[in-house]
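Please walk me through this structure in the viewer. Tell me what to select at each stop and what I will find there.

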Amino acid sequence: MDKIVIAGGVPLRGEVLISGAKNAALPILAATLLAPGRHTLLNVPNLADIRTAKKLLGNLGVHFQDLSGGLEVDASELTSWEAPYDLVKTMRAAVLVLGPLVARVGRARISLPGGCAIGARPINLHLKGLEEMGVKITLQHGYVEATVKRLEGARIILDFPTVTGTENLLMAAVLARGKTVIKNAAQEPEIADLAQFLQAMGADIQGIGSDVLTVQGVKYLRPASYRIMPDRIEAGTYLAAAAITRGEVVIRQAPVEHLTAVLDKFAEAGLRISVDHDSIKVSSGGHLIGVDVKTLPYPGFPTDMQAQFMTVMTLARGVSVITETIFEKRFMHVSELKRLGADIVVSGNQAVVRGVKSLQGAPVMATDLRASASLILAGLGARGQTEVHRVYHLDRGYERIETKLSALGANIWREKA
């Protein structure tokens with residue numbers, strides 16, 4: 001098992017290129033199941049979760065061909081409708097094949113999902129919505145079994161704007177008979193990216209980017225070529241890296257229009273930020289200032305940036321209150337940050353962060369994907385050497401992070417633990 005070692009205290013300088021968005025690529029890969037034939041996807045990030053998704057789709061009969069700058073996905077013939085436990089347990093997004101499978105072949109057998117240990121993330125809203133579209137759902141031996149003769153359009157009101165639930169129901173609805181209206185839909189830009197890919201395949205979708213999606217089902221979809229959006233969480237993480245090291249970094253190919261809440265908070269914390277089309281220049285404006293953050297569904301501050309922002313606040317002047325409203329177990333990085341000298345007190349879904357003058361390098365253990373990133377950031381800003389263990393979480397969502405940080409001047413490398 002690998003670990004990442006950081007000798008901290010070096011201000012980052014230079015340019016970094018943002019990769020394709022993991023949280024857009026995964027549902028788009030699942031959506032290729034809806035149309036027989038060869039799809040071409042560009043800007044697909046090279047991540048552990050993408051490799052898991054390819055294994056899962058391969059298990060269903062999909063074939064892949066690597067292209068220069070992209071991936072050909074051949075979904076001409078499906079040979080299975082089952083997503084087994086050994087693949088689903090490592091990646092919750094594997095449940096995204098549920099909607100496409102019932103839409104295309106009328107049945108699916110999906111292991112209940114796993115992924116990061118950041119709290120309960122049930123799929124009951126996925127199942128309830130599919131039942132409203134005529135799908136018969138049974139739960140047996142840890143698997144969801146779904147069957148339907150023909151999906152029927154329905155009016156679905158989500159109790160919570162679930163991202164993967166919205167994506168699953170959207171993918172099912174595009175081949176349903178009649179009109180489907182999904183209300184209280186999640187509005188994350190990755191959902192809009194999926195919807196635009198579905199449109200390229202011939203889907204009829206209105207309300208993209210809003211909380212009401214209206215889908216007129218079509219009889220069939222065709223293969224499409226599509227470029228996946230850049231990763232807003234990766235971009236936000238490099239903003240945090242520049243902040244905590246008091247560096248000056250230009251972030252290229254950033255999804256600027258989807259980073260408003262993040263950019264506003266970093267600017268409030270004292271960073272100098274300028275934006276030019278799809279580039280963000282960030283530099284230290286002097287001392288960091290403690291600011292409060294509350295995570296919310298998009299367009300609010302993303303829960304996937306909470307750990308990284310908290311890490312920056314450990315070196316800010318004053319007190320910050322971080323409120324987590326999305327996942328109940330997303331403060332597991334706190335105990336590891338405290339090993340580095342951070343002053344953080346957790347009470348319920350709030351963490352009170354009192355800025356300290358410096359962090360001190362130490363061995364730490366990653367507990368989930370974004371916690372891994374927060375510990376890398378802490379190591380960059382700490383004095384001395386930090387070792388981050390269990391970095392397989394990191395590899396699920398960040399492409400070549402140590403290589404990109406090294407190019408910015410960081411003293412960071414990977415070793416066998």
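## Stop 1: a buried threonine

Select T52, which counts as buried at 15% relative accessibility. The model is predicted. T52 sits in helix α2, residues 48–59. Now show what surrounds T52. Beyond its neighbours within four places in sequence, T52 is in contact with L87, T90 and M91.

## Stop 2: the largest nonpolar core

Go to L34. L34 is in the loop between α1 and β3 (38–42). Is L34 buried or exposed? Its relative accessibility is 3%, so L34 counts as buried.

Display the contacts of L34. Leaving out residues up to four places away in sequence, they are P100, A103, R104, M171, V174, L175, L198, M201 and L221. Add a distance from L34 to L101. The C-alpha atoms are 7.4 Å apart, while 67 residues separate the two in sequence.

Widen the selection to the largest nonpolar core, which has 76 residues. Which residues touch the most other members? They are L34, V97 and L198. Colour helix α1, residues 22–31: this helix gives the most to the core, with seven residues. Another core lies apart from it, with 67 residues, including I4, I280, V291 and A410. As background, nonpolar side chains in soluble globular proteins tend to be buried together.

## Stop 3: from L34 to L175

Move to L175, one of the contacts of L34. L175 lies in the loop between α6 and β11. L175 has 11% relative accessibility and therefore counts as buried, the cut-off being under 20%.

Show the contacts of L175, again without neighbours within four places in sequence. They are L34, A103, R150, V218, K219, Y220 and L221. For a contrast with the L34 stop, draw a line from L175 to A243. These residues are 68 apart along the chain, and their C-alpha atoms are separated by 46 Å.

## Stop 4: helix α5 and its cover

Select α5, residues 124–132. Which residues of this helix are buried? They are L125, H126, L127, G129 and L130. Then show the elements around them. The cover over the buried residues of α5 includes α4 (98–105), β8 (136–140), β9 (143–147), β10 and α6 (163–173). Step just past the end of α5 to G134, where phi is positive, at about 100 degrees.

## Stop 5: a four-stranded sheet

β10 leads on to the next selection. Four strands form an open sheet with mixed pairing, in the order β10-β11-β13-β12. At the edges are β10 (155–157) and β12 (204–206), each pairing on one side only. On average, neighbouring strands of the sheet are turned by 15 degrees against each other, direction ignored.

Zoom in on β11 (residues 179–183) and β13 (residues 212–216). The two strands run antiparallel and are joined by five bridges. Pick K179: its bridge partner in β13 is Q216.

## Stop 6: aromatic rings

Show the aromatic side chains. The whole structure holds three aromatic pairs. One of them is F301 with F309, edge-to-face, at 5.5 Å centre to centre and 70 degrees between the planes. Add F266 to the selection, and you have one aromatic cluster of F266, F301 and F309.

How accessible are these rings' residues? F301 counts as buried, at 5% relative accessibility. F309 is buried as well, with a relative accessible area of 0%.

## Stop 7: annotated positions

Finish with the record. The unreviewed UniProt entry carries a "binding site" annotation that covers R92, D304 and I326.

Take D304. D304 is in the loop between β18 (293–294) and α10 (306–313). With a relative accessible area of 17%, D304 is buried. Outside its neighbours within four places in sequence, D304 is in contact with N23, I233, R330 and R370.

Then take I326. I326 belongs to the loop between β19 (319–323) and α11 (334–339). Its relative accessible area is 23%, so I326 is partly exposed; the buried class ends under 20%. With neighbours within four places in sequence left aside, I326 is in contact with T295, L296, P297 and T303.

Methods: Residues numbered from 1 in each chain as written. Predicted model: local features only at pLDDT ≥ 70, side-chain atom pairs only at ≥ 80, totals over all residues. Heavy atoms only, no water. UniProt positions renumbered as here; feature names shortened; annotations may be inferred. Buried < 20%, exposed > 50% of the residue type's maximum accessible area, 1.4 Å probe, protein only. Contact = heavy atoms within 4.5 Å. Pairing = 2+ DSSP bridges. Axes fitted to C-alpha atoms, helices over the stretch in contact; angles between N-to-C directions. Core = buried A, V, L, I, M, F, W, Y, C linked by side-chain atoms within 4.5 Å. Phe/Tyr/Trp six-rings, centres within 6.5 Å; stacked < 30°, edge-to-face > 60°.
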